[in-house]
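Student: Please take a close look at one part of this complex for me, the place where the two chains meet. I would like the charged pairs there set beside those found elsewhere.

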Amino acid sequence: MKWLIKFLFKILPTEQAYAHCDIPCGIYDPRAAQVASATVLKMVQQIKELKVEGEDALSKLNYKNALTRRIMNKEEHAQICKRELLILWTDYFKPEHLEKFPELHDTIWQAAKLCSKNKQSVDEDSARELVEAANKVAEIFAETKK
Amino acid sequence: MIPTYKNGTGVICYKWAYLKGKPKKKEIVVAKVGGKNLIKRVTNVDGDKVFLVGDNQNQSTDSRAFGWVNSWQIIGKVIYSFS
């Protein structure tokens, strides 16, 4: 019987079906959001500390270059942080997690908003709040794994 | 659907299974969700909608994420599997 079915499988057209989730199972990790939020904070600190080294045109140009690179990096990692948080929110967390952690929706919503706020401004307090928010989501994530 | 199915498991899906009746709880079905064929277990039926959950509940993306599935999205019932 089994050989016949296997033979039919080979000769008849078949379709693929997925018994797993939309990406290979289990690749959910809040660390990506945490690292991205820490990068945002570091960039904010570096932007604030950045100085023009000399009075000549080249020094000013190098300052602008260094500043732009840090702003771009801040922008990029705030976006990565937001994306990683939203993946956890929409794909990992389930209704039973929400029952256990009723603050989950608001925590992630506020964290995602902080990502946008950190794009819009150079504000160390907001960056620290983002790091704390990402850590809070990671804490909830860790609790759900127990 | 681990431990029920592993990667590469072949399944036979009976497409006419629900021509007359409706899916029942605990049955394993293939459903078209978001353009993909998904294999999940029926855990609840409400009229023309079914709630599908994967056996590997901690890892599965299923009705708990994408909501109830319309009966017309059900392609058929899994009636045989082999690996």
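Tutor: What follows goes through the interface and then the salt bridges within each chain.

The model is a predicted one, and the predictor assigns the complex an ipTM of 0.79 and a pTM of 0.59. For chain B the mean pLDDT is 88, with 100% of its residues at 70 or more. Within chain B, strand E4 (residues 49–53) has the highest mean pLDDT of the elements, 93, and helix H1 (residues 63–66) the lowest, 83. That helix of chain B comes up again below, since B:Arg64 lies in it.

Start with the extent of the interface. On chain A, 21 residues are in contact with chain B, and on chain B the number of residues in contact is 24. The size of an interface is often given as the accessible area lost when the parts come together. Here chain A and chain B bury about 1,900 Å² between them, and carbon and sulfur atoms account for 56% of it.

As for polar interactions, five residue pairs are in polar contact across the interface of chain A and chain B, counting pairs with both residues at pLDDT 80 or more. On the chain A side, at least two residues each come from helix H1 (2–11), helix H3 (57–92) and helix H4 (95–100). The greatest contribution to that side is from H1 of chain A, with four residues. Sorted by kind, the chain A residues that touch chain B are 10 nonpolar, seven charged and four polar.

Now the charged pairs. How many salt bridges cross the interface of chain A and chain B? There is one, while the count over all chains comes to 10. The two chains are joined by this pair because A:Glu96 is in helix H4 of chain A and B:Arg64 is in helix H1 of chain B. The closest N and O atoms of A:Glu96 and B:Arg64 are 3.1 Å apart. Are these two partners buried or exposed? B:Arg64 has a relative accessible area of 14%, under the 20% limit, so B:Arg64 counts as buried. A:Glu96, at 37%, falls between 20% and 50% and is therefore partly exposed.

Other salt bridges lie within a single chain. In chain A, the side chains of A:Lys136 and A:Glu103 form one, with an N to O distance of 3.9 Å. A:Lys136 belongs to helix H6 (residues 124–144) and A:Glu103 to the loop between H4 and helix H5 (104–120), so this salt bridge ties together parts of chain A that are 33 residues apart in sequence. Both partners are partly exposed, A:Lys136 at 32% relative accessible area and A:Glu103 at 30%. Also in chain A, a network of salt bridges links A:Lys48, A:Glu124 and A:Arg128.

In chain B, a salt bridge brings together the side chains of B:Lys77 and B:Glu27, at 3.4 Å from N to O. B:Lys77 sits in strand E6 (residues 74–82), and B:Glu27 in the loop between strand E1 (10–14) and strand E2 (28–33); the pair links distant parts of chain B, 50 residues apart. B:Glu27 is buried, with a relative accessible area of 13%, whereas B:Lys77 is partly exposed at 26%.

To return to the request: the salt bridge that crosses between the chains is A:Glu96 with B:Arg64, and the pairs A:Lys136 with A:Glu103 and B:Lys77 with B:Glu27 are among the others.

Methods:
Residues are numbered from 1 along each chain as its sequence is written. Chains are lettered from A and ligands numbered from 1 in the order in which they are written. Side-chain values use heavy atoms; hydrogens and water are left out. Contact means heavy atoms within 4.5 Å. Buried area is the accessible area (1.4 Å probe) that two parts lose on being put together, summed over both. A salt bridge is a side-chain nitrogen of Lys or Arg within 4 Å of a carboxyl oxygen of Asp or Glu. A polar contact is a pair of N or O atoms within 3.5 Å; within protein, one must be able to donate a hydrogen and the other to accept it, and residues adjacent in sequence count only if both atoms are side-chain atoms. Ala, Val, Leu, Ile, Met, Phe, Trp, Tyr, Cys and Pro count as nonpolar, Asp, Glu, Lys and Arg as charged, and the others, Gly among them, as polar. pLDDT is the predictor's confidence in each residue, from 0 to 100. Buried means under 20% relative accessible area, exposed over 50%, partly exposed in between (1.4 Å probe, protein chains only).
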